[in-house]
Amino acid sequence: MPEANGHHPAFTLQRTVPIEALNLTVEEYRHAKTGARHYHLATDDDQNVFLVGLRTVPEDSTGVAHILEHTVLCGSEIYPVRDPFFMMIRRSLNTFMNAFTSSDWTAYPFASCNEKDFYNLLDVYLDATFFSRIDEQDFRQEGHRVEFEQWDDPKSPLTFKGIVFNEMKGAMSDPTSVLWETISRELFPDTTYHHNSGGDPDKIPDLTYEQMAAFYKRFYHPSNAVFMTYGNQPVERLQRQFEERALARFDAIEPDSAVPVQPAFSAPRQVEDVYALDDEETAGKTYVNVGWMLGESSDLDARLEAQLLEGVLLENSASPLLKALETTDLGASPASVMGLEDSQRQMVFVAGLEGAEPERAEAVERLILDTLEQVVEKGVDLELVESTLHQLELEQREVTGDGFPYGLHLIVQSLPAAIHDSDPISLLDLEPALDRLREKVADPQFIPALVRRLLLDNPHRVRVTLKPDTELSARRWAAEKARLAAMQDMLTEDDKHRIVDQGKALADRQAEEGDLSLLPTVTREDIPEDIDIPQPVQRVHQPSSQQWYDRSTNGLCYLQLAIDLPALSRAEMELLPFYTGLLTELGAGDRDYLAMAEAVTAKTGGFSASASVRAGIEDIHRTSGFWLLSGKALVRNADSMVDLFHQHLDAARFDETDRIRDLVSQMRFGSEQGVAGRGHVHAMMLASSGMSARASLRHNSSGVAAVRRIKAMDDGLEQASSRHDLAERLGRLHEKIQGGLRHYNVVTEQRHFTELAQALRPHMHQGRTDTPFDLGHHAEQVREAWIGNLAVNYCAQAHPAVPPKHEDAAALAVLGGFMRNGFLHTAIREKGGAYGGGAGFDAESGSFRFFSYRDPRLGETLEDFGRAVDWVVDNAHEDRTVDEAIFGVIASIDKPGSPAGEAKKAFMDELHGRGPDDLREMRARVLDVSQNDLKRVAETYLRGDSASVGVLAGPSREEDLDALGLHIERL
């Protein structure tokens, strides 16, 4: 029976801390028998969150923690089926399911708005975490294995396979990942942060199954665990499940998992390393970063001081260090790896440049140190310090939740403190510490002294110069082949038979269905009858259209302005992404960009501009387009936010041509570095780019074609005349767009409507759009591959289908999950070795798309896409599997966002001609989808020769791409 205070008797209540700023109460408990800790964030939110975190401390770069994270989820004591994690994704209405491996911890989180579903998932997660089977075949599938290229043919060459092996090949083809791993390795020569916890692809094959099993036994114990929950579930019920399903079977141990403190250096160090660049041109492609080891993150005051230092130095373009890095000629752009890393035991501060030259490394370090010296000598304005404190307050108050549940955001924010035996509650309840910090910054010498103590007088500093090496990929490939050839030369006949037998054993395991009735599931009866779609509580039509949403925004207000796009020429459409990316980073009126940056940071949470172009709901060739400006602020700063918002609109400045050049250079590096992480998205945009003019625009403005266009734009701005020409074109486009019909969206608590309306009133005018926006008709088949600096492949295939409101759209939406669940997951990930793969209906391009992510294969994957269609059409399927695919679509439709995000989505949907009734109609049709519907739409839309193909790959696969008959472009 629960004790009087409502918790389970196996736990002891340590303290209760109400946090008014977050509208919740944190309860801290300790499990009496094992010492496991439980932090419950009690609040009136039915999107409940669970996370169990364990301190996992690798002693090498074989990826043991990462591979174990995968393997743990492949079957457990109560649920001995193959891959219960992915099985539960399809038997659930979850709003989030995943697992994370950090540098020194591993976490297993999920979230759900459905109570039954939440406890189903809790059962599976607890059993997986503490009673995993750790099967050797799962280790070989998820981690690495050696097989013959044709697994049953001993005459074919040996090859390395494995999901994490290929995942990390993809991850480490990104120079920024290499840069961070190098910085961490050099700053921490003696602790776990010296190693790549995700796994170095060269080292992953060294890991043995026995080593991974020993790692599990050592670290996956309740005495080494922290449980964190959020939401409105009774804490006694949560703890009862913890106790009965797991904790009662354990006794306390001393986990001996603490991360030791790295001893400080006596003098700064300099290091050079290389990254793979599959390009002949190496000029301007070196990274130079300076990193410092700071104090322990468990000291809240020290952590906030470091966050304040980061903000003062790097918050915006007027901040002294960022200003120096943005305006110097020593490199092209401030480094993307920059700022404070405070999730480890010892914090790290990093600053630097990308697009530099190796011989300028010392000058870059000198620039950084000289800038810091100037801060010490001259001090900083109190307004800059107050702006940084303002940003910390705003970040704490904002209720997020778009894409990542708000409760999980709070848990992950505080988890590192719990992992390192510190106080996670203090990281959530920041007000007392912020008050102490405000008292300190009243002393004008506080910031200069902080800069000197943490950085200038800190000898634990490393300068890392990361240079491009055009032969590194070839050397690595040759070394891998030589290693495999040497292994093959040593094989006896018995060895060959053993490898074939292991391959067959894995193939047999992958073919196992298992007793899925062991796994809990939701049913159709658990699906809510309706969905909550926010509606404006107030509409105003003159002088400008306005929608006012009453949402629980915790003291923030959000403002959006959508302007009807006019008819634009091809050149203007190509300029549009640059215009939206540049506008809010430039000056306005009598403020140059530095003064504007200071004002925006002091009073707002920032502004952003974008273009929203969507397909017609009944005809994908009829598009609607809007230019959008968005901003947010604390309500007390609403007047200033509205004024600054409209300065960008009414007094935009395009005369800062040097600033424009710097920003385009930053856009270039950001787009280039984003390719590897979003390769599957780029491949799908490429494959579907021929479906409509809107799909083509998306590929050309956001896909790999845009990456190449940004590079060309940057290269073309060397001459001052080119910069002035660009500025003039931007000004003309701005003038053309700003005259259009205006639609405002205001999101805040209704009690603040009056003050927002007063602030907005002077800026209201109607505007008009004489020539409506229209992209015209575009349809063509695409078979194209783009070659870039990639170590793995990203494959996509797109089939023309139907517009969003078509009666078959629902069946196509369900078909994507159905194919992934029943065929593609096994074929692409488990057997093919890709990190991920799937399929789905893309309503905006009116297409059905297949994809793979971080994939070692090319042609075989494209063949599997075709086999997935055959599998659907030619086989009988259980009704259960159709229901599971329906659950996934309903969960994505019903998934809650942030209070402001939901209102913004409703606003934009309405502008694009999509109302609540359209979403409800789609949802109802999804629930009515049958197996016959899936077979029919697969036969109708996915068979034949109309498919388009888009692939991203590295230079070593050019011959393979050519053999597939793909047109080849280069990034």
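Select alanine 361 in this predicted model and display what surrounds it: leaving aside its neighbours within four places in sequence, alanine 361 is in contact with Val288, Arg463 and Thr465. The residue belongs to helix 11, which covers residues 361-378. Its relative accessibility is 3%, and alanine 361 therefore counts as buried, the cut-off for that class being under 20%. To set a distance against this, add glycine 35 to the selection and draw a line between the two C-alpha atoms, which lie 49 Å apart in space, with the two positions 326 residues apart in sequence terms.

Next, select residues 382-397, which form helix 12. This helix has 16 residues, and from its first C-alpha to its last it reaches 23 Å, close to the 22 Å expected at 1.5 Å a residue. Colouring by burial will pick out Leu384, Val385, Ser387, Thr388, Leu389, His390, Gln391, Leu392, Glu393, Leu394 and Gln396 as the buried residues of helix 12. Keep Leu394 displayed, since the next stop returns to that residue.

Now move to lysine 632, which has its place in strand 21, residues 623-634. Is lysine 632 buried, partly exposed or exposed? Its relative accessibility is 22%, so lysine 632 counts as partly exposed, a class that lies between the cut-offs of 20% and 50%. Leaving aside neighbours within four places in sequence, the residues in contact with lysine 632 are Leu394, Glu398, Cys557, Tyr558, Thr604, Gly605, Gly606 and Met641. Among them, Leu394 is one of the buried residues of helix 12, while glutamate 398 offers its side chain for a polar contact with the side chain of lysine 632, at 2.9 Å. Glycine 606, also on that contact list, is 26 residues away from lysine 632 in sequence and 6.4 Å away in space, C-alpha to C-alpha.

For the last stop, select strand 24, residues 794-800, which is mostly covered, with six of its seven residues buried. Which strands pair with strand 24? One is strand 27, residues 948-953, which pairs with strand 24 in the antiparallel sense over five bridges; to see a matched position, show glutamine 797, which stands opposite valine 949 of strand 27. Another is strand 26, residues 847-853, which runs antiparallel to strand 24 and is joined to it by five bridges. Here the position to display is histidine 799, which stands opposite phenylalanine 848 in strand 26.

Definitions and conventions
Residues numbered from 1 in each chain as written. Predicted model: local features only at pLDDT ≥ 70, side-chain atom pairs only at ≥ 80, totals over all residues. Heavy atoms only, no water. Buried < 20%, exposed > 50% of the residue type's maximum accessible area, 1.4 Å probe, protein only. Helix = DSSP H or I, 4+ residues; strand = E, 2+ residues; numbered from the N terminus. Pairing = 2+ DSSP bridges. Expected span 1.5 Å × (residues − 1). Contact = heavy atoms within 4.5 Å. Polar contact = N/O pair within 3.5 Å; in protein donor to acceptor, adjacent residues only side chain to side chain.
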